[in-house]
Amino acid sequence: MSQTHPFKPIFDKNSKILILGSFPSVISRKFGFYYTNPQNRFWRVLAGVLNAPLPESTDEKIKFLLSHHIAIYDAAISCEIEGSSDAKMTAVVPANLKPIFKEANIMQVYANGGKAYEICKKYLKDEIIKATKNEVIKLPSTSPANAKFSLEKLAKKWSMIVRELE
């Protein structure tokens, strides 16, 4: 079934890093915000590596991201997808990152998982390099489907984002 991305990117002029997921899960689409599946470890990983309290509400999550100079969005603005599985994504239309790069001073883009990285490399590589002078960096997915990575192992890999924020 064809889906269009249901929400806007989160960023402001102070954002230094951009984290791109692939496309919102069914649960995230239902609740209208990024990573709302309680099994997704995105918010726990970020709070852990930034040594910050876990944000709970949507407003807290937005404040959390902006206060840490983090922008988030997804690499695909629309796609054909059944359920939430990245493996079932086809007919991908990449997101337009130009408004983010124009307003924010993004220094590094990170891909949350393999599918986001694949979309970035295939469709967004030149735009990302032009804006940041850096290649996108692949991080292990915080999705519950990535069961081989424990929360601790994810946090260890994701801790590299802290360097960009100092």
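The radius of gyration used here is taken over C-alpha atoms, and the globule rule against which it is set is 2.2 Å times the number of residues to the power 0.38.

**Figure 1. Overall dimensions and fold pattern of the predicted model.** With 166 residues, a compact globule would have a radius of gyration near 15 Å, and the protein, at 15 Å, agrees with that expectation. Taken along the principal axes, the C-alpha atoms fill a box of roughly 40 × 35 × 30 Å. The secondary structure comes to seven helices and seven strands, which follow one another along the sequence in the pattern β-β-α-α-α-β-β-β-α-β-α-β-α-α. Buried residues make up 47% of the 166 residues, and among contacts between residues at least 6 apart in sequence, 69% join residues at least 24 apart.

**Figure 2. The largest nonpolar core and the surroundings of Leu-97.** This core has 52 residues, and those with the most contacts inside it are Leu-18, Ile-19, Leu-46, Ile-70, Ile-72, Leu-97 and Trp-158. The largest share of the core, six residues, comes from helix α2. When residues up to four places away in sequence are not counted, Leu-97 touches Leu-18, Leu-20, Tyr-73, Leu-124, Glu-127 and Ile-128; of these, Leu-124, Glu-127 and Ile-128 are among the buried residues of helix α5.

**Figure 3. Helix α2 (residues 42–49) and its covering elements.** Six of the eight residues of α2 are buried, so this helix is largely enclosed by the rest of the structure. The buried residues are Phe-42, Trp-43, Val-45, Leu-46, Ala-47 and Val-49. What covers them includes the strands β2, β3 (70–74) and β6, together with the helices α3 (58–67), α6 and α7 (160–165). Just after α2 comes Asn-51, which lies in the loop between α2 and α3.

**Figure 4. The kinked helix α5 (residues 114–132).** Although α5 has 19 residues, its end C-alpha atoms are only 20 Å apart, short of the 27 Å that a straight helix would reach at 1.5 Å a residue. A kink of about 85 degrees is present in this helix, centred on Leu-124, and Leu-124 is itself one of the buried residues of α5. The others are Lys-115, Ala-116, Ile-119, Cys-120, Glu-127, Ile-128 and Thr-132. The buried residues of α5 pack against the strands β2 (17–21), β4 (76–80), β5 (90–94) and β6 (108–112), and also against helix α4 (98–103). The helix is followed by Lys-133, whose phi is positive, near 65 degrees.

**Figure 5. Thr-142 in the loop between β7 (137–139) and α6 (151–158).** At 0% relative accessibility, Thr-142 counts as buried, because the cut-off for that class is under 20% relative accessible area. The side chains of Thr-142 and Asn-40 are joined by a polar contact of 2.8 Å. Leaving aside its neighbours within four places in sequence, Thr-142 is in contact with Tyr-35, Gln-39, Asn-40, Arg-41, Phe-42, Val-45, Asn-112, Leu-154 and Trp-158. Among these partners, Phe-42 and Val-45 belong to the buried residues of α2, and Trp-158 is one of the residues with the most contacts inside the largest nonpolar core.

**Figure 6. Leu-139 in strand β7.** Leu-139 is buried, with a relative accessible area of 2%. From C-alpha to C-alpha, Leu-139 and Leu-154 are 8.5 Å apart in space, while 15 residues separate them in sequence. Once neighbours within four places in sequence are left aside, Leu-139 is in contact with Tyr-110, Ala-111, Asn-112, Gly-113, Lys-157, Trp-158, Met-160 and Ile-161. Asn-112 and Trp-158 also appear among the contacts of Thr-142.

**Figure 7. Positive phi at Asn-51 and Ala-91.** The phi of Asn-51 is near 50 degrees, a positive value in a residue other than glycine. This residue is exposed, with a relative accessible area of 73%. Ala-91 likewise has a positive phi of about 50 degrees although it is not a glycine, but its place is in strand β5, whereas Asn-51 lies in a loop. Ala-91 is exposed, with a relative accessible area of 54%.

Methods. Residues numbered from 1 in each chain as written. Predicted model: local features only at pLDDT ≥ 70, side-chain atom pairs only at ≥ 80, totals over all residues. Heavy atoms only, no water. Helix = DSSP H or I, 4+ residues; strand = E, 2+ residues; numbered from the N terminus. Buried < 20%, exposed > 50% of the residue type's maximum accessible area, 1.4 Å probe, protein only. Polar contact = N/O pair within 3.5 Å; in protein donor to acceptor, adjacent residues only side chain to side chain. Contact = heavy atoms within 4.5 Å. Expected span 1.5 Å × (residues − 1). Bend = angle between axes of the 7 residues up to and from the residue. Core = buried A, V, L, I, M, F, W, Y, C linked by side-chain atoms within 4.5 Å.
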